[in-house]
Amino acid sequence: MKRTAQLYLIIVSIVGLGIFFILHAGTHLPSPVSRLPNGSFAVATPNSTAVSGSSFFAAVQSGLRQNATNPLSRLFLQLFIIIGASGVVAWLFTRCGQTAVIGEMVAGILLGPSLFGLLAPNAFQFIFAPSSLEALRLLSQIGVCLFLFTVGMELDVSEVRHKAQTAVVVSHSSIVIPYFLGVGLALFLYSQLAQPGASFLAFALFMGISMSITAFPVLVRILQDRGIFKTSLGSTATACAAVDDVTAWCMLAFVVAIARATSVGGAAFNLGLVLVFIALMLFVIKPNLPTWLGYQALERPNPSKSVLAVILSS
């Protein structure tokens with residue numbers, strides 16, 4: 001160990017001294033010249049605004065500002081603030097007997113323009129600049145997809161299949177009544193909140209679907225925090241929420257297709273593509289995927305990288 005440390009110090013010292021002498025010799029070299037279009041040479045002049053001529057604190061402030069405005073640095077800053085605030089508020093809510101996910105949602109509200117943007121507008125605009133929110137939104141969507149993927153792996157599909165009828169009745173009942181109330185509410189909000197040129201049909205359908213859709217990831221987090229996710233009640237609630245989400249998102253696709261399409265034929269074509277995708281996944285990919293990957297690869301306790309890549313891409 002001692003000999004290795006001595007050898008390490010010798011190598012580092014020799015290399016460090018060599019770099020120092022090379023840099024010292026390079027300072028005596030003539031300044032580079034650039035060739036002008038007419039063939040003459042332009043001698044480089046010393047820059048009056050070099051770092052050596054400026055104050056130390058101004059240079060540090062300029063470097064920090066430049067690093068902070070970098071998209072990657074700003075994304076890490078946003079993640080640090082969001083994760084830190086979510087952890088603190090979630091801890092406070094758990095101390096009050098609530099689930100952590102409720103505190104995390106409250107932390108998101110507190111970091112929004114309603115509180116943080118109101119108390120410190122300059123800091124809010126710097127941290128959560130509108131031009132930087134797209135990367136944060138994309139990363140959050142990826143996180144939700146991965147979370148739901150892990151939920152699907154832990155979910156007992158046989159338990160859900162046994163309660164399919166109950167799940168359909170409960171979930172559709174929880175959709176119909178809020179949908180009716182949302183469509184009725186559109187009668188009073190259409191004139192004040194609808195975009196210019198928007199039809200009442202699209203506005204009313206969107207109001208209905210926005211009132212009836214379920215926050216499936218939030219429900220699963222509540223069940224996990226309460227420790228009842230793998231119980232009979234948790235499986236029933238998860239099945240109801242899953243059927244609710246599938247139905248509501250299909251209805252949302254129909255509403256978006258009607259709102260964006262110029263004719264009923266365009267909406268039918270968009271919905272037809274969705275149905276083709278669902279049929280392809282259910283009747284082609286799902287039954288043939290074990291054969292394509294191999295049953296031995298799927299039965300391994302630790303799946304290979306290729307299996308995980310194919311499953312995630314599917």
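This is a short talk on one pocket, two helices and some aromatic rings. Keep in mind that the model is predicted.

Let's start with the second largest pocket. How much space lies in it? About 1000 Å³. The lining counts 23 residues. Closest to the pocket's centre are Ile-82, Ser-86, Glu-104, Ser-140 and Val-144.

Where does the lining come from? Four elements give two or more residues each: helix 3, helix 4, helix 7 and helix 11. On the sequence, helix 3 runs 71–95 and helix 4 runs 100–110. Helix 7 covers 133–154, and helix 11 covers 216–226. Which helix gives the largest share? Helix 7 does, with 9 residues.

Now the chemistry of that lining. By class, 15 residues are nonpolar, 5 are polar and 3 are charged.

Next, helix 3, one of those contributors. Helix 3 has 25 residues. From its first C-alpha to its last, helix 3 reaches 36 Å. That is close to the 36 Å expected at 1.5 Å a residue. Which of its residues are buried? Arg-74, Leu-75, Gln-78, Ala-85, Ser-86, Val-89 and Ala-90. You have met Ser-86 already, in the group closest to the pocket's centre. Look at the spacing in that list with one rule in mind. An α-helix has 3.6 residues a turn, so residues three or four places apart point the same way. Just after helix 3 comes Gly-97, with a positive phi of about 90°.

Arg-74 deserves a second look. This buried residue of helix 3 has its charged end over the ring of Phe-126. The distance to the ring's centre is 5.1 Å.

That brings us to rings. How many aromatic pairs does the structure hold? There are 6. Take Phe-20 and Phe-21. Their ring centres are 5.6 Å apart and their planes sit at 70°, so this pair is edge-to-face. Are these two buried or exposed? Both Phe-20 and Phe-21 are exposed. Elsewhere, ring pairs join Phe-116, Phe-124 and Phe-128 into a cluster.

Last stop, helix 10, residues 200–212. Its 13 residues should span 18 Å at 1.5 Å a residue, and the end C-alpha atoms are 18 Å apart, so the two values agree. The buried residues here are Ala-202, Phe-203, Ala-204, Leu-205, Met-207, Gly-208, Ile-209 and Ser-212.

That's the tour. Thanks for listening.

Conventions. Residues numbered from 1 in each chain as written. Predicted model: local features only at pLDDT ≥ 70, side-chain atom pairs only at ≥ 80, totals over all residues. Heavy atoms only, no water. 1 Å grid on protein atoms, 1.4 Å probe; cavity = no way out; pocket = protein on both sides within 12 Å on 5 of 7 lines; lining within 4 Å. Points joined across faces, edges and corners; volume = space filled by probe spheres on them. Nonpolar A, V, L, I, M, F, W, Y, C, P; charged D, E, K, R; others polar. Phe/Tyr/Trp six-rings, centres within 6.5 Å; stacked < 30°, edge-to-face > 60°. Buried < 20%, exposed > 50% of the residue type's maximum accessible area, 1.4 Å probe, protein only. Lys NZ or Arg CZ within 6 Å of the ring centre and 35° of its normal. Expected span 1.5 Å × (residues − 1).
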